[in-house]
Amino acid sequence: MSDDHESTLGHIETEVALLMRFGEATRRATGTDEHRVLDRAAYVILRHLDSAGPQNVSALAARLNLDGSTVTRQVSALQRDGLIVRAPDPTDGRGTVISPTSAGLQRMAAVQAARTRLYGDMLADWSAEDRSTLATLLGRLNHALVNRNRHR
């Protein structure tokens, strides 16, 4: 690899590490309750269920690139909190599928709206083109991360 290539990759590594750190610090420091009505895992699960529809734990774990036992624990907590329900799997009578409740969707929507406002404020002086480019590149990065982890 060329020094320029390694330098660019080093810069990307540093910026991703900082993004994760500053993102978490921003989440913790945000003073509104809207950001705290769901933990990160619950938010991601509810977002996925909202967009993809009912899922069994295996499909949910595969989509989120997590171990099934981890998703089972997270889903159990969501069920205890009344944010998801389980129903018989129509394709496999032995299994169940998970769906968000209206309370789960309301909490997810509150967090999503609060985060959207936060990013809107932070990126207000960015051009629409720059915001669009950022969204595209973050999507590509997430896709690459998922593919990397699936092929290991």
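Pro88 stands opposite Thr96 of strand 2, and this pairing is a convenient place to enter the predicted model. The two strands concerned, strand 1 (residues 84-89) and strand 2 (residues 92-100), run antiparallel and are joined by six bridges. A hairpin of two residues links strand 1 to strand 2. Elsewhere along the pair, Ile84 has Pro100 of strand 2 as its opposite residue.

Strand 2 also contains Ser99. With a relative accessible area of 19%, Ser99 falls under the 20% limit and therefore counts as buried. Once residues up to four places away in sequence are set aside, the residues touched by Ser99 are Leu49, Pro54, Leu83, Ile84 and Val85. Of these contacts, Ile84 is the residue already met opposite Pro100, and it appears again in the nonpolar core described below.

Stepping back to the whole chain, the strands take their place among six helices and two strands. Read along the sequence, these elements follow the order α-α-α-α-β-β-α-α. Along the principal axes, the C-alpha atoms occupy a box of roughly 55 × 40 × 25 Å. The chain has 152 residues, and 21% of them are buried. Of the contacts between residues at least 6 apart in sequence, 47% link residues at least 24 apart.

The surface and the charges can be described in a similar way. The accessible surface of the chain amounts to about 10,300 Å², and carbon and sulfur atoms account for 55% of that area. Positive side chains number 19 and negative side chains 18, with 8 Å between the centres of the two sets.

Turning to the interior, the largest nonpolar core brings together 18 residues, and those with the most contacts inside it are Leu38, Leu60, Leu78 and Ile84. Two or more residues of this core are supplied by each of helix 2 (40-52), helix 3 (57-64), helix 4 (68-80) and helix 5 (102-122). Helix 2 gives the largest share, five residues. A closer view of the core is offered by Leu78, which, leaving aside neighbours within four places in sequence, is in contact with Ala42, Ile45, Leu46, Leu83 and Ile84. Leu83 and Ile84 are thus also found among the residues touched by Ser99, so the surroundings of Leu78 and of buried Ser99 can be viewed together.

The loop between helix 3 and helix 4 holds a backbone detail worth a look, at Asn65. Most residues other than glycine have a negative phi. Asn65, which is not a glycine, instead has a positive phi, near 60°. The relative accessibility of Asn65 is 31%, a value that lies between the 20% and 50% limits, so this residue counts as partly exposed.

Helix 5, one of the elements that contribute to the core, also includes Ala109. Here the relative accessible area is 37%, again between the 20% and 50% limits, and Ala109 is therefore partly exposed. From Ala109 to Met122 there are 13 residues in sequence and 20 Å in space, taken from C-alpha to C-alpha.

Notes:
Residues numbered from 1 in each chain as written. Predicted model: local features only at pLDDT ≥ 70, side-chain atom pairs only at ≥ 80, totals over all residues. Heavy atoms only, no water. Pairing = 2+ DSSP bridges. Helix = DSSP H or I, 4+ residues; strand = E, 2+ residues; numbered from the N terminus. Buried < 20%, exposed > 50% of the residue type's maximum accessible area, 1.4 Å probe, protein only. Contact = heavy atoms within 4.5 Å. Areas by Shrake-Rupley, 256 points an atom, 1.4 Å probe, with all protein chains shown as cover. Lys, Arg positive; Asp, Glu negative; His and termini not counted. Charge placed at Lys NZ, Arg CZ, Asp CG, Glu CD. Core = buried A, V, L, I, M, F, W, Y, C linked by side-chain atoms within 4.5 Å.
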